[in-house]
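Trainee: I would like to learn how to read the surroundings of a ligand. Could we go through an example together?

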Amino acid sequence: MNNYFQYIYKISYCLVLTVLLASCKHNEEKYHSVTDKINAESKNYHGTSISSKKYIEDLKTVEINESGHTFLIPDRKSKIESYACTDCHTKPLAKMQSKEFKKAHWNIELKHADSLTMNCLTCHNGQDMNHLKSLTAESIDFNNSYKLCSQCHQKQYKDWLGGAHGKRIRSWAPPRISMTCVNCHNPHSPSLESRWPARFNTQKIKERK
Ligand code: HEC
Ligand code: HEC
Ligand code: HEC
Ligand code: HEC
């Protein structure tokens with residue numbers, strides 16, 4: 001009796017193996033080479049099959065299109081507490097810097113470039129505080145403040161466009177959302193301090209679910 005079961009078992013094992021081998025063989029014939037297979041199976045990789053749309057629905061974003069790179073960045077205007085600036089900046093700045101007005105923005109200290117290179121009005125527009133200002137006095141939307149930075153930091157800017165500097169958020173699947181410069185660098189004090197790790201790697205703590 002025992003032998004009989006072993007016999008059945010062996011036969012079915014062989015059958016499964018043949019079927020498996022046959023199907024492998026079949027797939028191998030479908031493509032002439034590994035390169036063909038990769039090309040064929042990755043055809044629809046961008047766009048159709050996977051998307052991160054449902055993971056980003058709750059985020060307010062703006063689409064940007066620069067030198068052939070199109071992607072989303074988080075909205076800033078809804079995050080800046082003192083926006084809209086025109087709540088107070090009802091007159092040109094020169095007229096507001098008088099005894100009539102108390103000194104404002106005492107909490108902002110400029111620690112960026114030296115005072116020969118930069119002051120508040122290098123980036124802000126005394127005539128139109130709701131917009132930033134380029135070095136050639138063009139108006140820049142607060143959501144597009146990366147344009148401001150790109151004037152002087154081309155290297156990091158180009159790396160950022162390509163995705164090498166900065167951080168992509170939510171998902172690797174398209175559409176792409178990347179943090180913008182001011183999400184990480186305070187424009188008034190952009191340098192990031194180097195720091196020690198919060199703890200040494202001596203404890204085993206479960207950090208990921
Ligand atoms: C609560 C009122 C208030 C709001 C809101 C406000 N400001 Fe001002 N700001 C002032 C006053 C008053 C002055 C003039 C006195 C001074 O220079 O400190 C001023 C001055 C400034 C100056 C010149 C500072 C200097 O030292 O030369 C800049 C730049 C500026 N504001 C930018 C902004 C921007 C950008 C926003 C919006 C994101 C904004 N402010 C929103 C009240 C305000
Ligand atoms: C290098 C360019 C640059 C310079 C110089 C600069 N700012 Fe700004 N400032 C920005 C950008 C960009 C933002 C928007 C940041 C964001 O999106 O959070 C901003 C935001 C602000 C805001 C609103 C946010 C807040 O922190 O309340 C105020 C007010 C402001 N700046 C005032 C000033 C004053 C006053 C000076 C001079 C002491 C100054 N800025 C110098 C680029 C600059
Ligand atoms: C007008 C030119 C100019 C603009 C506009 C400008 N920067 Fe700068 N930035 C400088 C200069 C000059 C320095 C000082 C470089 C140094 O110390 O080596 C600097 C320093 C920095 C640093 C520190 C670099 C370091 O080595 O620690 C960072 C980060 C930075 N900027 C980010 C930004 C961001 C983000 C923006 C846009 C909000 C911006 N900058 C806009 C000129 C500019
Ligand atoms: C996800 C966060 C993040 C974003 C977004 C980001 N940076 Fe940085 N940036 C960093 C970090 C981290 C460093 C490295 C600091 C260090 O090495 O001490 C850095 C360094 C820099 C430096 C100093 C020079 C260097 O390479 O060490 C400059 C200038 C700079 N960034 C500009 C920018 C500009 C301009 C943008 C937008 C186009 C930008 N950054 C976007 C995080 C960011």
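Trainee: Which atom of ligand 3 does a polar side-chain atom of Ser191 lie 3.1 Å from?

Mentor: Good place to begin! Keep in mind that this is a predicted model. To read a polar contact, look for a pair of N or O atoms within 3.5 Å. Here the partner of the Ser191 side chain is an oxygen atom of ligand 3.

Trainee: What do the side chains of His112 and His153 contact on ligand 3?

Mentor: Nitrogen atoms. An N or O atom in the His112 side chain is 2.8 Å from a nitrogen of ligand 3, and a polar side-chain atom of His153 also lies 2.8 Å from a ligand nitrogen. Both histidines are among the nearest of the 13 residues around ligand 3, along with Cys149, Cys152 and Ser191.

Trainee: How many residues of each class make up the shell around ligand 3?

Mentor: Sort the neighbours by class and you get eight nonpolar, five polar and no charged residues.

Trainee: Now for ligand 4: which residues are closest?

Mentor: Of the 14 residues that surround ligand 4, the closest are Gln156, His165, Cys181, Cys184 and His185. Next, look at the atoms. Gln156 has a polar side-chain atom 3.2 Å from an oxygen of ligand 4. The side chain of His165 places an N or O atom 2.8 Å from a nitrogen of ligand 4, and for His185 the distance to a ligand nitrogen is 2.8 Å.

Trainee: Which helix gives the most to the shell around ligand 4?

Mentor: Helix H7, with three residues. By class, the shell around ligand 4 has seven nonpolar, six polar and one charged.

Methods
Residues numbered from 1 in each chain as written. Chains lettered and ligands numbered in written order. Predicted model: local features only at pLDDT ≥ 70, side-chain atom pairs only at ≥ 80, totals over all residues. Heavy atoms only, no water. Near = heavy atom within 4 Å. Polar contact = N/O pair within 3.5 Å; in protein donor to acceptor, adjacent residues only side chain to side chain. Nonpolar A, V, L, I, M, F, W, Y, C, P; charged D, E, K, R; others polar. Helix = DSSP H or I, 4+ residues; strand = E, 2+ residues; numbered from the N terminus.
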